[in-house]
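User: Could you walk me through how to read this structure, one feature at a time? I'd like the general idea each time, then the actual case.

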Amino acid sequence: MIEFKEVNKVFRDGFHALKNITFKVEEGELLVLIGPSGSGKTTTMRMINRLIEPTKGTITIEGKDISKEDPVKLRRTIGYVIQQIGLLPHMTIKENVSLVPRLMKWKKERYIDKVDELMHMVGLDPEMFGERYPSELSGGQQQRIGVIRALAAEPKIILMDEPFSALDPISREQLQDELVRLQRDIQKTIVFVTHDMDEALKIADRICIMKDGEVVQLDTPENIIRRPANEFVRSFIGEDRLQESDSISFPKLTKLMVPAVTAGENRRLAESLKMIRNKRVNSLVVVNDQNVFQQPAARIRSPLPGKTSQSRRSWFTLWGI
Ligand SMILES: Nc1ncnc2c1ncn2[C@@H]1O[C@H](COP(=O)(O)OP(=O)(O)O)[C@@H](O)[C@H]1O
Ligand SMILES: [Mg+2]
């Protein structure tokens, strides 16, 4: 869908911000660009809607070189959501959401229906919120409007540059969940910039890790965690997450097992029960003096001398053996 080939950016001051960036974004995929501040994420993203032009290299969308297209028309076919929300303060919510469709000269009924549909999709009743001004909404509500405004003209591609990072942690999590849910329905091609690895792992189909203007690794969240390309990626993911993922995919046996407590074969019941209580286990493994496992029914001495084997078995049941 979107393809970068050997894209370089040298800014006017001579700073080489992007070095041979080559990657593809598949149709319907949510690709996260992640990396430390200054690694070139925003520069990469803004090239897709031609807010920044490459110094060298080509970017194609559906096979077409975008440098040959009209940038204004191009931008209208690409939704764009930024951190600073960017709603127009003097326009109502409905006017904000319908902005691009109106610029594209959609019929009134069509864009009114679209605004209603989108507001319902993010749980904001158009009757209640449609005529309000942005300042009359919470930060989280405003950013929901920012997201649906980017969807209003039915673009195939949506660019999102740290859209949730200015929000409080609870709103941020809610919006991430909503985006995942929304994306299941709308299946847009989304390029999403963040510096937050938790966010990336939660929402991404694939993650592109950048450092100093280069792509360090591009893969699914699972593969990045299982096989970090180098030390930088490892440290960026963080040891905690690496270990956590180990225990999710391959739990260590010792974590699953209750440690076995052994008892000599000649041990009597009262002593054994005491051991069970003290060691906080619900069974004992009976061993002989060479520490070899013994079949309990054959080996444990009857706690009640002279009783039948039936009652002996019930003791074993009590012991959980
Ligand atoms: N117009 C510009 N002129 C010179 N350097 C710039 C310009 N815009 C961005 N940069 C530099 O390019 C690098 C990448 O910036 P950016 O893409 O915004 O990074 P990120 O979004 O990953 O934080 C940074 O070092 C930044 O200072
Ligand atoms: Mg940025």
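User: Let's start with Gln143: which backbone oxygen does its side chain reach at 3.1 Å?

Analyst: That one is the backbone oxygen of Ile82. Keep in mind that this is a predicted model. A polar atom of the Gln143 side chain also lies 2.5 Å from the backbone oxygen of Pro163. The residue itself lies in helix α7.

User: Is Gln143 buried or exposed?

Analyst: The idea is to look at relative accessible area, with buried meaning under 20%. Gln143 counts as buried because its relative accessibility is 0%. Leaving aside neighbours within four places in sequence, Gln143 is in contact with Val81, Ile82, Gln83, Ile85, Pro163, Phe164, Leu167 and Leu175.

User: And the nonpolar side chains? How should I read a core?

Analyst: In soluble globular proteins, nonpolar side chains tend to be buried together. Here the largest nonpolar core has 42 residues, and Ile145, Met160 and Phe192 have the most contacts inside it. Helix α7, residues 139-151, gives the most to this core, with 5 residues. There's also a second, separate core of 25 residues, with Ile2, Phe4, Leu33 and Ile61 among them.

User: What is Met160 in contact with, leaving aside its neighbours within four places in sequence?

Analyst: The list runs Met45, Val81, Val147, Leu179, Ile190, Val191, Phe192 and Val193.

User: Leu179 brings me to α8. How do I read a helix like that?

Analyst: Check its span, then its buried residues and what covers them. Helix α8 covers residues 169-186, so 18 residues, and the expected span uses 1.5 Å times one less than that number. From first C-alpha to last, α8 reaches 25 Å, close to the 26 Å expected. Its buried residues are Ser171, Leu175, Gln176, Glu178, Leu179, Leu182 and Gln183. Their cover includes the strands β3 (30-34), β7 (157-161) and β8 (189-194), along with the helices α5 (108-121), α7 and α9 (197-203). Just after α8, Gln187 takes a positive phi of about 50°.

User: Now the ligand. Which residues surround ligand 1?

Analyst: Start with the shell, then pick out the polar pairs. The shell around ligand 1 is made of Phe11, Asp13, Phe15, Ala17, Pro36, Ser37, Gly38, Ser39, Gly40, Lys41, Thr42 and Thr43. Helix α1, residues 41-48, supplies the largest share, 3 residues. As for polar pairs, an oxygen atom of ligand 1 is 3.0 Å from a polar backbone atom of Gly40. There is also a ligand oxygen 2.8 Å from an N or O atom in the Lys41 side chain, and one 2.8 Å from a polar side-chain atom of Thr42. Taken alone, ligand 1 exposes 560 Å², and the protein buries 62% of that.

User: How about Thr43, buried or exposed?

Analyst: Same cut-off as before: under 20% is buried. Thr43 sits in helix α1 and counts as buried because its relative accessibility is 12%. Leaving aside neighbours within four places in sequence, Thr43 is in contact with Lys9, Phe11, Leu18 and Ile52.

User: One last case, from a loop: why is Tyr133 called partly exposed?

Analyst: Between the buried limit of 20% and the exposed limit of 50%, a residue is partly exposed. Tyr133 gets that label because its relative accessible area is 35%. You'll find Tyr133 in the loop between α6 (126-129) and α7. Leaving aside neighbours within four places in sequence, Tyr133 is in contact with Pro89, His90, Met91, Thr92 and Ile93. The C-alpha atoms of Tyr133 and Ile93 are separated by 5.9 Å, though these residues are 40 apart along the chain.

Note on methods
Residues numbered from 1 in each chain as written. Chains lettered and ligands numbered in written order. Predicted model: local features only at pLDDT ≥ 70, side-chain atom pairs only at ≥ 80, totals over all residues. Heavy atoms only, no water. Core = buried A, V, L, I, M, F, W, Y, C linked by side-chain atoms within 4.5 Å. Buried < 20%, exposed > 50% of the residue type's maximum accessible area, 1.4 Å probe, protein only. Helix = DSSP H or I, 4+ residues; strand = E, 2+ residues; numbered from the N terminus. Contact = heavy atoms within 4.5 Å. Near = heavy atom within 4 Å. Polar contact = N/O pair within 3.5 Å; in protein donor to acceptor, adjacent residues only side chain to side chain. Areas by Shrake-Rupley, 256 points an atom, 1.4 Å probe, with all protein chains shown as cover.
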